[in-house]
Amino acid sequence: MKFKTRLYITFASIAALPIMLFTLCFIVVGKVMIRLRQTGGVDTVSDLVPKSILVSLWISFFIILFIIACLLTRWIGKGVFSPINDLGFGLKQVADGNFDYALDPESVKGEVKELYKSYEEMRLRLKESAGEKIESEDNNRELITNISHDLKTPITAIKGYVEGIMDGVADSPEKMEKYIKTIYNKANDMDRLINELTIYSKIDTNRIPYTFLRLNVADYFNDCVEEVGVELESKGIELNYTNLVDSQTRIIADPEQLKRVINNIISNSVKYMDKEKEKSIIDIRILDEADAIKVEIEDNGRGIAAKDLPNIFDRFYRSDSSRNSSKGGSGIGLSIVKKIVEDHGGYIYATSKEGEGTCMHFIIRKYEEIKDDEQNIDN
Ligand SMILES: Nc1ncnc2c1ncn2[C@@H]1O[C@H](COP(=O)(O)OP(=O)(O)OP(=O)(O)O)[C@@H](O)[C@H]1O
Ligand SMILES: [Mg+2]
């Protein structure tokens, strides 16, 4: 019932009841007096009705009024104060950042129903935006962690090459040129990652800013292998490269992000290599899979236990043996790899045997040109 109606009823009851009761008393007493006068009896009310009866009548009258006033106050209180108290409690919860205290508009009527509805609307909207904020903060944190993770690889490589040059390992002009070229490439990788960081902070996006291009598979992987080859050579790891795709095969990919995939996989192969220097081998194979290409990067390192294999792409997952070893890491390298491959519309999986080695396989669809259709690929 609406507040107004409740108030009208209360007002009418409190004002009308005494009037009605008084009127009733006057009518009764008046009638009794008239009758007694006619029979020649008494004159006054006190002569007519004993005093004790009059007193009880007045007391009953006030008790009735008191009970009615109490009931009406309770009735108003129930309709007004308890929903307002609930609303106040709810608003306090919202102010404290708890958006889970719900008020059911169907449980009340009248003006309070509208208030409850507005409260619920506000609560749900705030809850949604708080959720979005938390998600966006989580994503930002994840992106910054990912970039910091990937920045470590080129920095370590640059340090290694500079130390190599200082120790006189680059003892021929060809070697020196190779070292300097690799340092240059690694510095470029860092530059790109730092740029990525700037883009995130500037445009406040939570997604990797991909620049998809049509890439010739053979050219792209030849360059990549050449680059990682120098690094592996300096670590005494043999690198074998096989490319079985047609020289015209192309894919749509972001060359820099794809390099992050390869760098992360190779850095794991290097990190978890347990064979002696000359016996450490990494194979890179590019295979033709009808409408896709499959890249396989295989090492003969320590391998991954069958129980760990299904989890290695999970963020922060590290096998027990990795956690217990001296090899540092946070378990995010392969989660970055998986995300990038999937953002390219591809998929990745690993096969491994403990003690024998690991192979990472990832598949990316080929770019098929539609002859009659002028296709424009937006960067
Ligand atoms: N080539 C590999 N050989 C053996 N184990 C591997 C190999 N690649 C990945 N793993 C296992 O998978 C786990 C997850 O790899 P991931 O790259 O995500 O994390 P990480 O290398 O431990 O740490 P981070 O990459 O953050 O430095 C590793 O801890 C390791 O146990
Ligand atoms: Mg790793």
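Colleague: Which residues line the second largest cavity?

Modeller: The model under discussion is a predicted one. By class, the lining of this second largest cavity divides into 3 nonpolar, 1 polar and 2 charged residues. The residues concerned are Cys224, Glu227, Val228, Lys259, Ile262 and Asn263.

Colleague: Which elements give two or more residues to the lining of the second largest cavity?

Modeller: The space in question amounts to about 40 Å³. Two or more lining residues come from each of α6 and α7.

Colleague: How many cavities of 30 Å³ or more are there?

Modeller: Rolling a probe the size of a water molecule over the atoms shows where empty space is left. The largest cavity has about 70 Å³, and the second largest holds about 40 Å³. With 30 Å³ as the lower limit, the count of cavities is 2.

Colleague: Which elements each supply at least two residues of the lining of the largest cavity?

Modeller: The lining of the largest cavity consists of Asp150, Thr153, Pro154, Asp189, Arg192, Leu193, Arg260, Asn263 and Asn264. Asn263 also belongs to the lining of the second largest cavity. For the largest cavity, at least two residues are supplied by each of α4, α5 and α7.

Colleague: How many residues in the lining of the largest cavity are charged?

Modeller: Asp150, Asp189, Arg192 and Arg260 are among the residues that line the largest cavity. Beside 2 nonpolar and 3 polar residues, the number of charged residues in this lining is 4.

Colleague: Turning to the pockets, what volume does the largest pocket have?

Modeller: The lining of the largest pocket comprises 47 residues, with Asn264, Ser267, Asn268, Val270 and Lys271 nearest its centre. By class, 17 of these are nonpolar, 21 polar and 9 charged. The volume of the largest pocket is about 1100 Å³.

Colleague: Which element gives the most to the lining of the largest pocket?

Modeller: Around this pocket of about 1100 Å³, two or more lining residues come from each of α4 (111-166), α5 (173-203), α6 (217-234), α7, β5 (292-299), α9 and β7 (357-365). With 9 residues, the element that gives the most is α7.

Colleague: Which ligand takes up the space of the largest pocket?

Modeller: Asn268 is one of the lining residues nearest the centre of the largest pocket. Asn268 is also among the residues that come nearest to ligand 1, together with Tyr272, Arg318, Ser319 and Ser322. The space of the largest pocket is taken by ligand 1.

Colleague: Which elements give two or more residues to the shell around ligand 1?

Modeller: The space that ligand 1 takes is the largest pocket. Two or more shell residues come from each of α7 (255-271) and α9 (333-343).

Colleague: How many residues of the shell around ligand 1 are polar?

Modeller: The shell holds 20 residues, of which α7 gives 3, the most of any element. Set beside 6 nonpolar and 3 charged residues, the polar residues number 11.

Colleague: What percentage of the accessible area of ligand 1 does the protein cover?

Modeller: Oxygen atoms of ligand 1 lie 2.9 Å from a side-chain N or O atom of His149 and 3.2 Å from one of Lys271. At Gly333, a polar backbone atom is 3.2 Å from an oxygen atom of ligand 1. Of the 590 Å² of accessible area that ligand 1 has on its own, the protein covers 97%.

Conventions: Residues are numbered from 1 along each chain as its sequence is written. Chains are lettered from A and ligands numbered from 1 in the order in which they are written. This is a predicted model: local features need pLDDT of at least 70, side-chain atom pairs count only at pLDDT 80 or more; totals for chains, interfaces and linings use all residues. Side-chain values use heavy atoms; hydrogens and water are left out. A residue is near a molecule or strand if one of its heavy atoms lies within 4 Å of it. A polar contact is a pair of N or O atoms within 3.5 Å; within protein, one must be able to donate a hydrogen and the other to accept it, and residues adjacent in sequence count only if both atoms are side-chain atoms. Accessible areas come from the Shrake-Rupley method with a 1.4 Å probe; for residues, only the protein chains shown count as cover. On a 1 Å grid over the protein atoms alone, a cavity is a set of points where a 1.4 Å probe fits but cannot get out, and a pocket is an open set with protein on both sides within 12 Å along at least five of seven lines; lining residues have an atom within 4 Å of a point. A molecule sits in a cavity or pocket if more than half of its atoms lie within 2 Å of its grid points. Helices (H or I, at least four residues) and strands (E, at least two) are DSSP runs, numbered from the N terminus. Ala, Val, Leu, Ile, Met, Phe, Trp, Tyr, Cys and Pro count as nonpolar, Asp, Glu, Lys and Arg as charged, and the others, Gly among them, as polar. Grid points are joined across faces, edges and corners, and a volume is the space filled by probe spheres set on the points.
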